[in-house]
Amino acid sequence: MPSQALATFRQKVHQARDELLAAVRRAGLPDNSLAWLYFADSTTEAFPDGVTITYHQTASHGSYRYIVAERGKICRDDSSPNLHRFLYYPLQDITHYAACRYELDNRQANQDSRRIIFAKQWELLARIHPDYAARRQAEIDSILRQYPYQDDAV
């Protein structure tokens with residue numbers, strides 16, 4: 001890979017990391033919320049198990065990629081050429097984990113745990129950007145149409 005292309009690649013990956021860090025701070029989450037993410041520092045297509053954030057440049061355009069691999073197999077590969085749109089993928093997961101931890105500490109007997117998880121996740125995403133909160137709300141609404149809350153379920 002030419003040195004200019006490698007420099008662009010690294011600049012894009014660092015930009016994604018810096019924007020994610022700023023976003024988790026806006027949500028009031030700790031910096032170590034990014035600890036489980038691997039920010040690729042090379043253009044290799046061999047992704048480690050776990051979650052990798054990378055940038056892929058083709059002749060016509062480039063895209064940020066959010067890759068989840070398990071046992072050497074890619075399970076999820078979300079991408080976008082637009083950094084703002086791309087950041088939703090890792091932020092959706094980061095805020096979901098934080099919301100689940102919050103629910104464990106604030107669990108209500110006889111209440112569907114998703115009530116607290118969804119509300120907390122929406123709150124965190126709204127602190128980051130209203131676009132992300134609106135997008136997640138649409139996903140939550142779709143989930144609840146198919147699988148309504150089940151309070152008092154054992």
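**Two helices and a four-stranded sheet**

Helices α1 and α2 are oblique to each other. Why oblique? Their axes cross at roughly 55°, and an angle counts as oblique because it falls outside the ranges for roughly parallel, antiparallel or perpendicular: under 35, over 145, and 65 to 115 degrees. One caution before we go on: this is a predicted model.

Let's place those helices. α1 covers residues 3-26 and α2 covers residues 83-105. Their axes come within 10 Å. The crossing is right-handed.

Which residues meet there? From α1, we have Gln15, Ala16, Glu19, Leu20, Ala23 and Val24. From α2, we have Leu83, Leu87, Pro90, Leu91 and Ile94. Nine of these contact residues are nonpolar, one is polar and one is charged.

Now the sheet. It is open, with four strands in the order β1-β2-β3-β4. The pairing is mixed. Which strands stand at the edges? β1, residues 37-39, and β4 do. Each has a single partner strand, so one side of each has no neighbour in the sheet. Neighbouring strands are turned by 25° against each other on average, ignoring direction.

Look at β3 and β4 next. β3 spans residues 62-70, β4 spans 73-80, and they run antiparallel. Seven bridges join them. Tyrosine 64 has serine 80 as its bridge partner. Arginine 65 has serine 79. The hairpin leaves two residues between these strands, and arginine 71 takes a positive phi near 55°.

Last, back to α1. Where does α1 lie relative to the sheet strands? α1 lies across β1, β2 and β3. Against β2, residues 50-57, α1 runs at about 135°.

Conventions
Residues are numbered from 1 along each chain as its sequence is written. This is a predicted model: local features need pLDDT of at least 70, side-chain atom pairs count only at pLDDT 80 or more; totals for chains, interfaces and linings use all residues. Side-chain values use heavy atoms; hydrogens and water are left out. Axes are lines fitted to C-alpha atoms, for helices over the stretch in contact, and angles run from 0 to 180 degrees between N-to-C directions. A crossing is left-handed if the near helix is turned anticlockwise from the far one by less than a right angle, and right-handed if clockwise. Contact means heavy atoms within 4.5 Å. Ala, Val, Leu, Ile, Met, Phe, Trp, Tyr, Cys and Pro count as nonpolar, Asp, Glu, Lys and Arg as charged, and the others, Gly among them, as polar. Two strands pair if DSSP finds at least two bridges between them.
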